[in-house]
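Reader: Before the details, please go through this model with me; I should like the terms made clear along the way.

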Amino acid sequence: MNERREAADTMGDIHQPVMVSQVVGLFSRQIAEAHAPVLVDGTLGLGGHSEALLQAIPRLTIVGIDRDESALVIARRRLAPFSGRVRFVHGNYRDFAEHLHTLNIGSVEGVLLDLGLSSLQIDRPERGFSFRASGPLDMRMDQSAGESAADLVNNVSEGELEQIISRYGEERFARRVARAIVAARTTSPVSTTDELAKIVYDAIPRRFHPNRIHPATRTFQALRIAVNEELDNLEGGLDAGFSVLAADGIMAVISFHSLEDRMVKGFFRHKALACTCPPDLPTCMCDKKVEAEILTKRAIFPTEEETEANPRARSSRLRAAKKLEPQE
Ligand SMILES: C[S@@+](CC[C@H](N)C(=O)[O-])C[C@H]1O[C@@H](n2cnc3c(N)ncnc32)[C@H](O)[C@@H]1O
């Protein structure tokens, strides 16, 4: 059995990368002509996007970063046929510049971020991301560091819990959910995913249970975002990623919920603005330069066929921008 096949078999069909042809099309059009293009895949995951890009762009080299060491193990195996064209980094994408510096790379032609979780994380109960199966309440993408969801749920104040669930989960019953968690933990610590799912289920009045999703979905999303500091990382990562791009380089981001997408859209818009002065100021005082051209005036969504075949793609959207030559 060749290595590619073997890697795919160990993964089963667990992670279907989202909008692969759109991502490949975007980078192929924009950077394939470069002499020796380098792309940083800041969320390498199981290497699905990177594999497709390496196949489509023959001279491309990829730096693949992930916080999750078990994802890197699979990606290494999957991308073994491209050895020499891929460098693997265990780390946070918000440290793009440091990782590239360590590899002696100054700037790159492409940056890709495919946010959120891989199926490897969602589908393994022992990782604690899903309420669909019982597992320890972990939720850390990087299991070598940081506090787990159980640490958070059992230690922060009721007010902080409410804020997390409301802000990152956009859960209208955040106060009730936080109160119920705190009440439950006075008896014994909340330590498993199904315990937490039941607490949330019972805390939200039945008539307000959403039709299409489990009532605990928003709370789980909120805790996962908090545990992994996902929005802080995205904020830092967008800046860091843009700063390592060469002129004419492309940054593409796939996001999975509105909190992420708003940040990406706002970031690209800001980079594309010529001026940030208040509109009533008679002359420009801000010295802002246009730094980017937005390549996706509207976000790109997966096709219906894709969402039918891969329900995880349903909430995804892709935005991209090109870095421009610095203006005088
Ligand atoms: C949706 S998956 C990526 C899947 C990948 N594109 C593929 O085709 O297999 C997102 C990955 O990003 C990783 N990740 C999320 N936030 C990260 C961060 N701040 N730094 C590095 N990796 C991160 C997760 O561990 C996960 O493996």
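Author: Let me begin with the polar contact: a pair of N or O atoms within 3.5 Å, where, within protein, one must be able to donate a hydrogen and the other to accept it, and residues adjacent in sequence count only if both atoms are side-chain atoms. One such pair joins the side chain of S130, through a polar atom, to the backbone nitrogen of R132 at 3.0 Å.

Reader: What kind of model is this, and which pLDDT limits apply?

Author: It is a predicted model, in which local features need pLDDT of at least 70 and side-chain atom pairs count only at pLDDT 80 or more, while totals for chains, interfaces and linings use all residues. Residues are numbered from 1 along each chain as its sequence is written, and side-chain values use heavy atoms, with hydrogens and water left out.

Reader: Back to S130, then: where is it found?

Author: S130 belongs to the loop between α6 (119-123) and α7 (149-155). Helices (H or I, at least four residues) and strands (E, at least two) are DSSP runs, numbered from the N terminus.

Reader: And why does S130 count as buried?

Author: Because its relative accessibility is 17%. Buried means under 20% relative accessible area, exposed over 50%, and partly exposed in between (1.4 Å probe, protein chains only).

Reader: Now the ligand. How many residues surround it, and which are the closest?

Author: The ligand is surrounded by 24 residues, and H49, D66, Y93, D114 and Q121 are the closest. A residue is near a molecule if one of its heavy atoms lies within 4 Å of it.

Reader: Which atom of L46 lies 3.0 Å from a ligand oxygen?

Author: It is a backbone N or O atom of L46. G47 likewise places a backbone N or O atom 3.3 Å from an oxygen atom of the ligand, whereas for R67 a backbone N or O atom lies 3.2 Å from a nitrogen atom of the ligand.

Reader: How much of the ligand's accessible area does the protein cover?

Author: The protein covers 98% of the 600 Å² that the ligand has on its own. Such areas come from the Shrake-Rupley method with a 1.4 Å probe; for residues, only the protein chains shown count as cover.

Reader: H49 also falls within α3. Is that helix mostly covered or mostly open?

Author: Helix α3 (residues 48-56) is mostly covered, since seven of its nine residues are buried. The buried ones are G48, H49, S50, E51, A52, L53 and L54.

Reader: Let me turn to backbone geometry. Which residue other than glycine has a phi near 50 degrees?

Author: That is M19, which sits in the loop between α1 (3-11) and α2 (20-31). M19 counts as buried because its relative accessibility is 0%. E170, also not a glycine, has a positive phi of about 45 degrees.

Reader: Where is E170, and is it buried or exposed?

Author: E170 lies in the loop between α8 (158-169) and α9 (174-187). With a relative accessible area of 38%, E170 is partly exposed.

Reader: How far apart in space are V38 and I62?

Author: Their C-alpha atoms are separated by 5.7 Å, with their positions 24 residues apart along the chain. V38 is placed in strand β1 (residues 38-41) and is buried, at 13% relative accessible area.

Reader: And A309?

Author: A309 is part of helix α14 (residues 304-309). It is exposed because its relative accessible area is 53%. From A309 to Q16 the C-alpha to C-alpha distance is 9.4 Å, and the two are 293 residues apart in sequence.

Reader: What separates F242 from L115?

Author: Their C-alpha atoms are 16 Å apart, and the residues are 127 positions apart along the chain. F242 lies in helix α12 (residues 230-244) and is buried, with a relative accessible area of 3%.

Reader: Lastly, what distance lies between G25 and K198?

Author: G25 and K198 are 44 Å apart, C-alpha to C-alpha, and 173 residues apart in sequence. G25 is in helix α2, and its relative accessible area of 19% makes it buried.
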